[in-house]
Amino acid sequence: MSSTELPFVPPANVLPKVGTVRVAEGERLRSVELPGVTLTVRSRPPAREGLPPALYVHGLGGSSQNWSALMALLDECVDSEALDLPGFGDSPPPDDGDYSVTGHARAVIRYLEASGRGPVHLFGNSLGGAIATRVAAVRPDLVRTLTLVSPALPEIRVQRTAVPTGLLAVPGVALLFTRLTRQWTAEQRVRGVMALCYGDPGRVTPEGFSNAVQEMERRLRLPYFWDAMARSARGIVNAYTLGGQQGLWRQAERVLAPTLLVYGGRDQLVGFRMAQKAARAFRDARLMTLPDAGHVAMMEYPETVAKAFRELLAESGESGTQRARRAGRADAGGDALDGAGTDGSMGG
């Protein structure tokens, strides 16, 4: 094996079982087999029947657990599900080894098509924001609204603090990093991640820190952990270089779904300066900036993000009361439109 290669990753059907994934109270986990990929789906039962579906997509190195706090706060207005992207959380690697933004977006689309849950209120953070943008641009029929928390959209001048993450995309760096950090404990790794991703790591509760350490210990035992990280990082870098109709900013312009953009003033991975550019790019955008938040505002300030999403529902005519009124008019013989965002497009 050359110094630029990552360790051999066994096929998904022979991967070892390394331990159970945490499931918060009220949540359920299930495995969904799709062509070329198996996805783990985290869900919460809605407060009542008939609520519109929502789907959450995490970022690089994250998992569906990143959305647990926000999902619990939105039980009254949406029927929530969150995916573990291929190679992350409890989902095994994709059969074809494709960790590109397009590959991840394809997995999301396959799930939405197979589940029949679309159109959904689609959420994305970081890498998940790029994936969700692509989905909304190319498959508008699957997206009602789009909520993006620090989306990984191309930046010309990347922040210095984001460079180490980007370097994972360079062949050989992931392998070198694993060798250099072999003696690091799970606690040390988690503290480093939280210092990078949170505006104020002190907001993490002792229980939250303990849960994160347990999850880190589990992931480090997965033989494909660094491979998934490196290839997904490479996928982001490659997506940043695409031009024309495949460029992420061009695809953002094609999104027709009402869009909520959330940016943190202390984000060390996605530049806060990109907030205004994003607000101009998405044609039906609402921008919320949180000066004290970092890269994962839905984990640091879930109540604030939940409130902004409810406002998005009300403004875009997607609240339960407004949907009921539209349905009543349609039953009376009117020509009320569904308002499900069936003519939008996607980015990633």
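**Close-up 1. A salt bridge within helix H8 of the predicted model.** A salt bridge, in the sense used for these views, is a side-chain nitrogen of Lys or Arg within 4 Å of a carboxyl oxygen of Asp or Glu, and the model in which such pairs are shown here is a predicted one. Asp 227 forms a salt bridge with Arg 231, and the closest N and O atoms of the two are 2.6 Å apart. Both Asp 227 and Arg 231 belong to helix H8 (residues 225–241), where they lie 4 residues apart, about one turn of the helix. An α-helix has 3.6 residues a turn, so residues three or four places apart point the same way. Asp 227 counts as buried because its relative accessibility is 9%, and a residue is called buried under 20%. Arg 231, with a relative accessible area of 35%, is partly exposed.

**Close-up 2. The open sheet and its edges.** The sheet is open and is formed by 8 strands, which follow one another in the order S1-S2-S4-S3-S5-S6-S7-S8 with mixed pairing. Its edge strands are strand S1 (28–34) and strand S8 (285–290), each of which pairs on one side only. On average, and with direction ignored, neighbouring strands of this sheet are turned by 20° against each other. Within the sheet, strand S5 (residues 120–125) and strand S6 (residues 143–149) pair in the parallel sense over 6 bridges, and in this pairing Val 120 stands opposite Val 143 in S6.

**Close-up 3. Helix H12 packed on the sheet.** Helix H12 (residues 302–315) packs on the sheet and touches S5, S6, strand S7 (259–264) and S8, while its direction makes about 165° with that of S8. At 1.5 Å a residue, the 14 residues of H12 should span 20 Å, and this agrees with its end C-alpha atoms, which are 20 Å apart. The buried residues of H12 include Pro 302, Val 305, Ala 306, Ala 308, Phe 309, Leu 312 and Leu 313. These residues cover an arc of only 165° around the axis, and therefore lie on the same side of H12. On the other side of H12, Glu 303 and Glu 315 are exposed. Just after H12, Gly 317 takes a positive phi of about 75°.

**Close-up 4. A salt bridge between strands S1 and S4.** The side chains of Arg 30 and Glu 81 meet in a salt bridge, with a distance of 3.2 Å from N to O. This pair links distant parts of the chain, since Arg 30 is in strand S1 and Glu 81 is in strand S4 (residues 79–84), 51 residues apart. Arg 30 counts as partly exposed because its relative accessibility is 36%, whereas Glu 81, at 6% relative accessibility, counts as buried. Arg 30 and Glu 81 also belong, with Asp 79 and Arg 117, to a network of salt bridges. The structure as a whole holds 19 salt bridges.

**Close-up 5. A salt bridge between Arg 286 and Asp 284.** Arg 286 forms a salt bridge with Asp 284, and their closest N and O atoms are 3.1 Å apart. Asp 284 is partly exposed, with a relative accessible area of 27%.

**Close-up 6. Ala 24, in the segment before S1.** Ala 24 is found in the segment before S1, and at 17% relative accessibility this residue counts as buried. Ala 24 and Arg 42 are 18 residues apart in sequence, and their C-alpha atoms are 9.8 Å apart in space.

Notes:
Residues are numbered from 1 along each chain as its sequence is written. This is a predicted model: local features need pLDDT of at least 70, side-chain atom pairs count only at pLDDT 80 or more; totals for chains, interfaces and linings use all residues. Side-chain values use heavy atoms; hydrogens and water are left out. Two strands pair if DSSP finds at least two bridges between them. Helices (H or I, at least four residues) and strands (E, at least two) are DSSP runs, numbered from the N terminus. Axes are lines fitted to C-alpha atoms, for helices over the stretch in contact, and angles run from 0 to 180 degrees between N-to-C directions. Contact means heavy atoms within 4.5 Å. Buried means under 20% relative accessible area, exposed over 50%, partly exposed in between (1.4 Å probe, protein chains only). The expected span of a helix is 1.5 Å times one less than its number of residues. The arc is that of the directions from the helix axis to the C-beta atoms.
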